[in-house]
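Notebook open, fresh page. I want to look up how the parts of this chain meet, and I'll jot things down as I go.

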Amino acid sequence: MTIEIQTQSAQYPIHIGAIPTLESPHKVLIVSNPKVAGLYLERVLAHIRAKEVYVCIIPDGEQYKNMQSIEHILECAFCHHLDRKSLMIALGGGVIGDMVGFASGIYQRGIDFIQIPTTLLAQVDASVGGKCGINNAFGKNLVGLFHQPKAVYIDPSMLATLPPREFGAGMAEMIKMAVCFDRAFFEELLKAPLRLEDSDTLSAAIARSVKIKAEVVNADEKEQGIRAALNYGHTFAHVIENLTQYKEFLHGEAVSIGMCMANALSYELGMLSLDECQSIEHTLKAYNLPTHYAFKNPQHFYEKFYLDKKSTDSKIMFVLPNGIGGVKLCSDIPKERVLKVLASMGGKNED
């Protein structure tokens, strides 16, 4: 199956299925991490026909999504004399994809790159749409750019080696899109949880998620409007990741907690019923995802919101479900109502 992305700046295919032969008359640099390279590098190399192929390995983990890793990728590119017609390939999860997109976007003012996502989170969300960036001491993805890939190759068979936690993290992003844009899809996920071994059902769900993401990106490439809705749960999640120094939770796990916090705020504002909140939490828990995070200082947590990229003119933008299947961007919520929700959520421990 092939899904087309058509934005103002680029058009490219998203292939779902076995990786085809990838041909390039120029140099290719594959960037991966030790774990993924050990599993899939040889398999990918067998599908590449290029002038010269090089490999760059960077450490695994969100804590390495920083400028030092970008410098390492760029150093590899310069040492192998990549030119402006060369190609980078991101082989890995969302961390690898974000960094390769960023590095390729700034190398000699921008060269092409291809995404080969190997985690569920990257396949359903991070690899699609061209958002690339790194973290710093102030927050998540605060340094980066929009740089669309030349193509995305999603091979669901690569998920066979995915650890259960990583699978759950990907499901959080899939559930996120269903809650915001597709009530029927959410109800299917609620009634029948997906499993890695159900390859046909999982592939269909991946395709459904990618179609949702593609439609949103096509309508709003640079996140000036509706695309911000894809950050449901992320405003809270990014604070949690920053407070825990990216070491306690996988990104999707933090998003799961963030969705529950956003739901609590949505319930406080009368936009989501208690039954709907419980249905979303139940679906997340079906994948052993965390739904609560204990923190001591609601005011400190609140101040961290101002570093979110969606916040402008000192106004914090919250992405909240407006019933299941709907979403609303809210930038005028009184501080005391947010603090009330934070105080009610922060003291809870995971069941």
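Before counting anything, I pin down a term: a polar contact is a pair of N or O atoms within 3.5 Å, where, within protein, one must be able to donate a hydrogen and the other to accept it. I also remind myself that this is a predicted model.

Entry one, polar pairs. With that term in hand, I looked between domain 1 and domain 2 and found 13 residue pairs in polar contact, both residues at pLDDT 80 or more. I then asked which elements of domain 1 supply at least two residues each to the side that touches domain 2. They are strand S1 (2-6), helix H4 (120-126), strand S7 (131-136) and strand S8 (139-146). H4 gives the most, with 6 residues. Sorting that side of domain 1 by class, I got 14 nonpolar, 14 polar and 5 charged residues.

Entry two, salt bridges. I counted 4 between domain 1 and domain 2. I also checked Glu 223 with Lys 131, which form a salt bridge with their closest N and O atoms 2.6 Å apart.

Entry three, the layout. Domain 1 runs over 2-159, and domain 2 is made of 164-198 + 210-345. Their contact takes 33 residues from domain 1 and 29 from domain 2. Going by C-alpha atoms, I have the two domain centres 26 Å apart.

Entry four, buried area. The two domains bury about 2600 Å² between them, and 63% of that is on carbon and sulfur atoms. Who supplies the most on the domain 1 side? Leu 121, Val 124 and Lys 140 supply 22% of the area domain 1 buries against domain 2, more than any other three residues.

Note on methods: Residues are numbered from 1 along each chain as its sequence is written. This is a predicted model: local features need pLDDT of at least 70, side-chain atom pairs count only at pLDDT 80 or more; totals for chains, interfaces and linings use all residues. Side-chain values use heavy atoms; hydrogens and water are left out. Domain bounds come from an automatic or database domain assignment. Contact means heavy atoms within 4.5 Å. Buried area is the accessible area (1.4 Å probe) that two parts lose on being put together, summed over both. A salt bridge is a side-chain nitrogen of Lys or Arg within 4 Å of a carboxyl oxygen of Asp or Glu. A polar contact is a pair of N or O atoms within 3.5 Å; within protein, one must be able to donate a hydrogen and the other to accept it, and residues adjacent in sequence count only if both atoms are side-chain atoms. Helices (H or I, at least four residues) and strands (E, at least two) are DSSP runs, numbered from the N terminus. Ala, Val, Leu, Ile, Met, Phe, Trp, Tyr, Cys and Pro count as nonpolar, Asp, Glu, Lys and Arg as charged, and the others, Gly among them, as polar.
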